[in-house]
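I opened a fresh page for this chain. The plan is to start from one residue and work outward.

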Amino acid sequence: MQLPAPSSFSLTFPTQYGPFTATLFRDLAPSWVDRVYNLAFNGYYDSNYFHRVINTSSLSIIQFGTNGSPSISQTYNFQSSSLSPCSIIDPQPPSMSYQKNLSNTFGTLSMSTSYNSLTSTTWNVTAELFINTGNNSKLDGKLFIPIGVIDLLDGLIIKYNKGHGQPLHVDASYVTVNILLNERDDFEGGGTFFDGVGERVEGERGEGVGHFSGERHAGGEVKEGVRWVLVMFFTDERTEERLERKRKGMELKNEGRIEESMEVLREVEEAECQNILGRMLAERGEWEEAVERGRRGVDLGRNDSRAWNNLGLTYKEMGRGEEAVKCFRRAVELHSNTRRCGVKGGRDSGRSRFNLGLELSLRDEFAESAEVLEGIFKEEKEEDVEERIWREAGELMEWCRRQC
Ligand SMILES: O=C(O)CCC(=O)C(=O)O
Ligand SMILES: [Fe+2]
């Protein structure tokens, strides 16, 4: 039976990393919102993966809505190969009316759409939804209709199973407090890792660990057992304003409006903004300010390995090799700390090692270069390193060894 959805309602999605809630508005696309309402009501979204996560400058989305059971998905989710798709509602016609008062920008929830190559039309006959995690406003006016907003969280409970942690990041608030909810004996590993401290910090059950949200940190991988933490984010007006400007600056950059983007980012006292601004300036050959902004990024981020790496690149491009080496060295040192504490450094780690190795080899420091490059093969996993870097690092290491 098909129930009409209320004019607005909330759906909460419990996930492995804590719940998120979306508020949906029927007026925005009535028959589609009815469809999502009924699917949710009948448990369709209960066992889903985020099967498509894209984070590029042209598209940033997290998509879900293929049911864990293929037969259920086949019944309710559109099959691009056939035109007899879903059994609980007719397809939303391409000509349907909808209101344009939400845009595919950060924090909205939108409908996924299928393309019918026979008629060259798009049809909303999937069961899939996506969260806009960046500015995708170019999707507006097509059938990717935003039907709701994600409620921004100020607190969440996270359950880390064995093998799970969180990569390095900053939180979008002013101060964060993490409180351990279970006993320390219940698990091995875990803790909150701080780049600045170089180690993992964990209180006893019920104790909180507070930090500035902008301090780079990670959730240490749980090696055994299960770890539960309550994470709370506190914000203030100035932080909100700064984040809004950051969002605006990044949006302009993604749209290719570089001048305007730089103007906005110049005013944002935040490590990542200053660091990115430094690289934008370097690309335009505005070296003096590029260095100034890069250094500002390093100061604000204190122990942000990416900021050090990027400042190194700017120095390198300016022909200031000695300073480049210092910066790359610092980036690699920070990555080694991170790795030692059981936290993944991601792709940046291999990149920084390669940059340092390459720069040393250009300065005829062959023995040290070979040693640094060897670190890639000793300390990194192949899947965490870009294929090109893995290959070129191997070749360069061999070459450096022959020069020794
Ligand atoms: O698990 C932790 O200790 C850190 C959690 C965290 O950084 C976050 O959820 O933002
Ligand atoms: Fe965090």
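**Entry 1: the metal site.** I began with H217, which counts as buried because its relative accessibility is 4%, under the 20% limit for that class. I note here that the model is a predicted one.

What are the protein donors of the iron ion (ligand 2)? I listed H169 through NE2, D171 through OD, entered twice, and H217 through NE2. These donors lie 2.1 to 2.8 Å from the iron ion.

I then wrote the spacing of the donors along the chain as H-x1-D-x45-H. H169 belongs to strand 11 (residues 166-169) and H217 to strand 17 (residues 217-219), so this pair ties together parts that are 48 residues apart in sequence.

Next I looked up the angles. There are six donor atoms around the iron ion (ligand 2), and they subtend angles of 51 to 168 degrees, which makes the arrangement irregular. For reference, ideal angles for six octahedral donors are 90 or 180 degrees. To count as octahedral, six donors need opposite pairs over 155 degrees apart and all other angles between 65 and 115. The lower end of the range here is 51 degrees.

**Entry 2: the chain as a whole.** I stepped back to the totals. The chain holds eleven helices and 19 strands. Of its 404 residues, 46% are buried. Among contacts with a separation of 6 or more, 66% join residues 24 or more positions apart. The exposed area is about 20500 Å², and carbon and sulfur atoms supply 49% of that area.

**Entry 3: aromatic pairs.** How many aromatic pairs does the count come to? I get 14. I took F20 and F64 as an example: their ring centres are 6.3 Å apart and their planes stand at 80 degrees, so the pair is edge-to-face. F20 sits in strand 2 (residues 20-25) and F64 in strand 4 (residues 60-67), so the pair ties together parts that are 44 residues apart in sequence. Both F20 and F64 are buried. They also belong to one aromatic cluster, along with F13, Y44, Y45 and F50.

**Entry 4: strands 3 and 4.** I stayed with strand 4 and looked up S60, which lies in it. S60 is buried, with a relative accessible area of 8%. Leaving out residues up to four places away in sequence, S60 touches I54, N55, I131, N132, T133, G134 and N136.

Is V53, in strand 3 (residues 48-55), buried or exposed? V53 counts as exposed, at 56% relative accessibility. Apart from neighbours within four places in sequence, V53 is in contact with I61 and I62. I also noted the C-alpha distance from V53 to F130, which is 9.2 Å across 77 residues of chain.

**Entry 5: strand 6.** S114 is found in strand 6 (residues 114-116). With a relative accessible area of 11%, S114 is buried. Its C-alpha atom is 9.1 Å from that of L143, a residue 29 places away along the chain.

**Entry 6: the annotated repeat.** The unreviewed UniProt entry places "repeat: TPR" at residues 305-338. I checked that stretch in the model: residues 305-338 are 91% helix and 0% strand. The C-alpha atoms at the two ends of the stretch are 10 Å apart.

**Entry 7: positive phi.** Most residues other than glycine have a negative phi. I logged two residues with a positive value.

- R302 has a phi of about 55 degrees and is not a glycine. R302 lies in the loop between helix 6 (287-301) and helix 7 (305-317). At 49% relative accessibility, R302 counts as partly exposed.
- D364 has a phi near 65 degrees. D364 lies in the loop between helix 9 (347-362) and helix 10 (366-379). At 55% relative accessibility, D364 counts as exposed, the limit for that class being over 50%.

**Entry 8: helix 11.** Last, I looked up W399, placed in helix 11 (residues 387-403). W399 is partly exposed, with a relative accessible area of 37%. From W399 to A370 the C-alpha distance is 8.5 Å, and the two are 29 residues apart in sequence.

Technical notes:
Residues are numbered from 1 along each chain as its sequence is written. Chains are lettered from A and ligands numbered from 1 in the order in which they are written. This is a predicted model: local features need pLDDT of at least 70, side-chain atom pairs count only at pLDDT 80 or more; totals for chains, interfaces and linings use all residues. Side-chain values use heavy atoms; hydrogens and water are left out. Helices (H or I, at least four residues) and strands (E, at least two) are DSSP runs, numbered from the N terminus. Buried means under 20% relative accessible area, exposed over 50%, partly exposed in between (1.4 Å probe, protein chains only). Contact means heavy atoms within 4.5 Å. Accessible areas come from the Shrake-Rupley method with a 1.4 Å probe; for residues, only the protein chains shown count as cover. Rings of Phe, Tyr and Trp (its six-membered ring) pair if their centres lie within 6.5 Å; planes under 30 degrees apart count as stacked, over 60 as edge-to-face and the rest as tilted. Donors are N, O and S atoms within 2.8 Å of the metal (3.2 Å for Na, K and Ca); water is not among the atoms, so sites may look incomplete. Four donors count as tetrahedral if all angles lie between 85 and 135 degrees; four count as square planar and six as octahedral if opposite donors are over 155 degrees apart and all others between 65 and 115; anything else is irregular. UniProt positions are given in the numbering used here, feature names are shortened, and annotations may be inferred rather than shown by experiment.
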